[in-house]
Amino acid sequence: MYDQLTLVADKLRARGFEAAVFATSKEASSFILGDIAEKAQVAIGGSMTVKQMDLHAKLREAGHEVLWHWEVEPAKRGTLLHQAMNAPVYICSANAITTDGLMVQIDGNGNRVAAMCYGPSTVYVVIGRNKLVEGGLQQAVKRIKSVACPNNARRQGIDTPCAKTGSCDVSACKTSMCHMTVSFDLAPNGKRTCVLLIDEELGY
Ligand code: SF4
């Protein structure tokens, strides 16, 4: 799989992203920690990958200020999400990436895709090998709606058809988490987006 990820990294570079491949999440974490300026403010998007990597703790140990809405009570989330949009550094994962280097995200609130598109001047996207999809946008969306969304809904206790059956049923979905689909044909202008492909199963 490492060799395949290397080819995906080439495709990402052709789209204007920085890209690197790591054999382990530990190595990817070390890269990020070595790349960020001292005592930076770092915001994190909702991400099981980041949680699994324990990046939030590692960043704090290294002296950075971490803004993560997953760690605060619901009443403080709105303010923190706005602060995250103005942080210089942002870390998140992708829901899917195609072998052609197309990153695809489906968001409910839009805070993650907003920060990826605008706001923070440096964005790190950490992606485990399990997010790699053969095919194009349709296959990426299919993966998200049959793997990422059901698991996310179950984790949050959201009553969606996909949580029950593993399949999307938009017409019966009253509490959809799928409000917007964003794919990155090219790296956003005016900022640095660094994609870290990791040869491990991370997140969903
Ligand atoms: S629209 Fe609803 S059922 Fe379909 S994947 Fe999204 S949350 Fe699940």
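The ligand in this predicted model is surrounded by K145, C149, T160, P161, C162, C168, D169, C173, S176, M177 and C178. By residue type, this shell divides into seven nonpolar, two polar and two charged. The chain that holds the ligand shell has eight helices and 10 strands, and six of the strands form an open sheet.

**Ligand surroundings**
- Helices α7 (137-156) and α8 (161-165) each supply at least two residues of the shell.
- Five cysteines stand in the list of surrounding residues: C149, C162, C168, C173 and C178.
- Also around the ligand are K145, D169, S176 and M177, together with T160 and P161.

**The sheet**
- The strand order is β1-β10-β7-β4-β2-β3, and the pairing is parallel.
- The edge strands, β1 (18-22) and β3 (65-68), each pair on one side only.
- From one strand to the next, the twist averages 20 degrees.
- Within the sheet, β2 (residues 41-44) pairs with β4 (residues 89-92) in the parallel sense over three bridges.
- I44 has I91 in β4 as its bridge partner.
- In general, the strands of a sheet pair through backbone hydrogen bonds, in either a parallel or an antiparallel arrangement.

**Helices on the sheet**
- Helix α1 (residues 2-14) packs on the sheet and touches β1 and β10 (192-198). The direction of α1 makes about 175 degrees with that of β1.
- Helix α5 (residues 74-85) also packs on the sheet, where its contacts are β2, β3 and β4. The direction of α5 makes about 125 degrees with that of β3.

**A buried residue: T98**
- T98 lies in strand β5 (residues 96-98).
- T98 counts as buried because its relative accessibility is 1%, and the cut-off for buried is under 20%.
- Leaving aside residues up to four places away in sequence, T98 touches V8, L132, V133, G135, G136 and A140.
- One of these contacts, V8, falls within the residue range of helix α1 (residues 2-14).

**The chain as a whole**
- The radius of gyration is 16 Å, which agrees with the value near 17 Å that a compact globule of 204 residues would have.
- Along the principal axes, the C-alpha atoms fill a box of roughly 50 × 45 × 30 Å.
- Buried residues make up 48% of the 204 residues.
- Of the contacts with a separation of 6 or more, 73% are between residues 24 or more positions apart.

Technical notes:
Residues are numbered from 1 along each chain as its sequence is written. This is a predicted model: local features need pLDDT of at least 70, side-chain atom pairs count only at pLDDT 80 or more; totals for chains, interfaces and linings use all residues. Side-chain values use heavy atoms; hydrogens and water are left out. Two strands pair if DSSP finds at least two bridges between them. Helices (H or I, at least four residues) and strands (E, at least two) are DSSP runs, numbered from the N terminus. Axes are lines fitted to C-alpha atoms, for helices over the stretch in contact, and angles run from 0 to 180 degrees between N-to-C directions. Contact means heavy atoms within 4.5 Å. A residue is near a molecule or strand if one of its heavy atoms lies within 4 Å of it. Ala, Val, Leu, Ile, Met, Phe, Trp, Tyr, Cys and Pro count as nonpolar, Asp, Glu, Lys and Arg as charged, and the others, Gly among them, as polar. The radius of gyration is taken over C-alpha atoms; the globule rule is 2.2 Å times the number of residues to the power 0.38. Buried means under 20% relative accessible area, exposed over 50%, partly exposed in between (1.4 Å probe, protein chains only).
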